[in-house]
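Open the model in your viewer and keep the selection panel at hand. The stops below go from one selection to the next.

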Amino acid sequence: MPRRTATMLASTLILIALLCAGVLIPVPYSEMSPGPTVNTLGDARGEPVLHITGHKTYPTSGNLNMTTVRVTGADYDMNIVEAVYGWLAHDSVVVPHDTLYPDGKTEEQSTQENAEEFSQSQESAKVAALKELKIPVTSRVVVSTVVKDSAAEGVLHAGDVIKAVDGTAVEKPEDVAKLVTKHRPGQDVVFSVIPVKAAAAAEKAGKEPKGSHDVTLTTRKAPADPADPSGEDRAIVGIQAGTDHTFPFDVDIKLADVGGPSAGLMFSLGIVDKLTPGPLTGGKFIAGTGTIDDSGKVGPIGGIALKLVGARDAGARYFLTPDDNCSAAASDTPSGLTLVRVKTLDDAKRSLDKISAGDTAGLPSCSAG
């Protein structure tokens with residue numbers, strides 16, 4: 001065989017071997033890319049995303065789209081070729097696998113956490129929207145979860161209403177932890193609670209739950225916290241406190257296969273739009289993202305660059321951007337998309353009023369840091 005032919009054949013075989021290796025050898029990376037966007041004013045899979053009963057609603061128009069990021073699963077083994085393609089592509093991001101699934105977290109565990117965050121974001125979105133419209137919402141501190149094999153197991157239950165700790169009334173979930181940690185491990189702490197069944201019965205009857213009784217728990221020492229250099233013993237009883245809300249009418253948010261807290265702002269705006277006369281968008285296509293708390297404060301999210309691409313590709317002209325994400329968003333904004341900086345639900349609503357009226361010159365904008 002001529003030397004030149006042999007060299008070409010050997011090079012071809014090496015190239016084929018490298019390509020095979022690139023396809024077959026897994027690398028510890030995962031890919032993030034723009035996910036679908038959903039109009040919170042519209043339907044998903046044949047039913048309204050926002051379904052309100054027991055209160056007058058009004059027609060809406062335009063779009064208030066929530067945005068998502070698609071990620072590869074925890075069990076998916078990315079190969080070298082896919083990783084290189086993802087690094088070169090403008091509309092995807094390749095990150096270390098542990099960034100998305102730290103400490104060996106499984107896809108099932110990640111999905112469960114995202115579902116819990118999504119559920120909480122829906123609750124906060126409803127509270128923030130109704131507060132924005134000055135519609136009363138009743139809130140109370142409850143037992144959110146009970147840790148297995150803890151002092152509280154079998155004594156307190158998820159849904160129990162916490163009225164006081166050691167005789168001090170609690171108004172916020174964090175009040176519970178502050179009062180418990182005043183004790184040393186091994187000391188008794190007294191919870192004044194209304195059992196979940198009694199609370200549910202009162203709610204069904206449209207009444208405020210009453211008739212608390214005292215429960216005494218002996219605190220235990222909390223596990224060591226690497227983030228706490230003091231090394232002091234911290235008392236716990238093994239519960240996580242949360243907030244339960246009673247709404248004056250039903251607001252159901254139905255959207256499958258979506259997780260995480262980042263749709264809170266857009267859900268709130270959708271609820272406000274449906275409960276007020278006149279379309280909030282003025283018929284415009286507006287997308288956005290951001291967490292929201294009960295007070296209406298908008299928080300930052302991850303994957304902002306990918307959500308911008310997804311919104312632009314879906315047809316959005318304006319993008320409501322959390323203040324803390326503004327710098328990153330402004331550094332790589334897709335053409336044809338106007339960023340609108342928001343800090344609160346009220347900020348977002350006022351900006352939508354300007355967009356609807358065509359008064360866009362004074363919109364709060366984002367700038368690259």
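Select Thr219 to begin. Thr219 lies in the loop that joins strand 13 (213-218) to strand 14 (220-221). The coordinates come from a predicted model. Is Thr219 buried or exposed? Thr219 counts as buried, because its relative accessibility is 3%, and the cut-off for buried is under 20%. Now show what surrounds this residue. Beyond its neighbours within four places in sequence, Thr219 is in contact with Val180, His183, Arg184, Pro185, Gly186, Gln187 and Val189. Ala235, Ile236 and Val237 are also in contact with Thr219.

Next, go to Ser295. This residue sits in the loop between strand 19 (291-292) and strand 20 (298-299). Ser295 is exposed, because its relative accessible area is 63% and exposed means over 50%. Show side chains here. The side chain of Ser295 makes a polar contact with that of Asp293, at 2.7 Å. Then add Val127 to the selection. Ser295 and Val127 are 168 residues apart along the chain, yet 7.8 Å separates their C-alpha atoms.

Zoom out for a moment. The protein has 10 helices and 22 strands. Of its 369 residues, 41% are buried. Take the contacts between residues at least 6 apart in sequence: 74% of them join residues at least 24 apart.

Now select strand 21, residues 318-322. How many of its five residues are buried? Five of the five are, and the strand is mostly covered. Turn on side chains. In a regular strand, side chains alternate between the two faces of the sheet. Here Tyr318, Leu320 and Pro322 point one way, while Phe319 and Thr321 point the other way.

Add the partners of strand 21. Strand 18 (residues 285-288) pairs with strand 21 in the parallel sense, over three bridges. Strand 22 (residues 338-342) also pairs with strand 21 in the parallel sense, over five bridges. Center on Phe319. Ala287 stands opposite Phe319, and Phe319 stands opposite Leu339 in strand 22.

Stay with Leu320 and follow it into the nonpolar core. The largest such core has 43 residues. Those with the most contacts inside it are Leu130, Leu255, Leu265, Phe267, Leu269 and Leu320. Color the contributing elements. Each of these supplies at least two residues of the core:

- strand 5 (50-53) and strand 6 (63-66)
- helix 4 (107-132) and helix 7 (264-275)
- strand 17 (250-253), strand 21 and strand 22
- helix 10 (345-357)

Which element gives the largest share of this core? Helix 7 does, with seven residues.

Pick Leu255 next. Leaving aside neighbours within four places in sequence, Leu255 is in contact with Val38, Ala44, Val49, Met66, Phe118 and Phe267. A second, separate core has 18 residues, including Val143, Val176, Val215 and Ile239.

For the last stop, switch on the surface. Rolling a probe the size of a water molecule over the atoms shows where empty space is left. The second largest pocket has a volume of about 440 Å³. Of the 21 residues that line this pocket, the closest to its centre are Gln120, Glu123, Ser144, Gly242 and Thr243. Which elements give two or more residues to the lining? Helix 4, strand 9 (138-146) and strand 16 (239-246) do.

Terms used. Residues are numbered from 1 along each chain as its sequence is written. This is a predicted model: local features need pLDDT of at least 70, side-chain atom pairs count only at pLDDT 80 or more; totals for chains, interfaces and linings use all residues. Side-chain values use heavy atoms; hydrogens and water are left out. Buried means under 20% relative accessible area, exposed over 50%, partly exposed in between (1.4 Å probe, protein chains only). Helices (H or I, at least four residues) and strands (E, at least two) are DSSP runs, numbered from the N terminus. Two strands pair if DSSP finds at least two bridges between them. Contact means heavy atoms within 4.5 Å. A nonpolar core is a set of buried Ala, Val, Leu, Ile, Met, Phe, Trp, Tyr and Cys residues joined through side-chain atoms within 4.5 Å. A polar contact is a pair of N or O atoms within 3.5 Å; within protein, one must be able to donate a hydrogen and the other to accept it, and residues adjacent in sequence count only if both atoms are side-chain atoms. On a 1 Å grid over the protein atoms alone, a cavity is a set of points where a 1.4 Å probe fits but cannot get out, and a pocket is an open set with protein on both sides within 12 Å along at least five of seven lines; lining residues have an atom within 4 Å of a point. Grid points are joined across faces, edges and corners, and a volume is the space filled by probe spheres set on the points.
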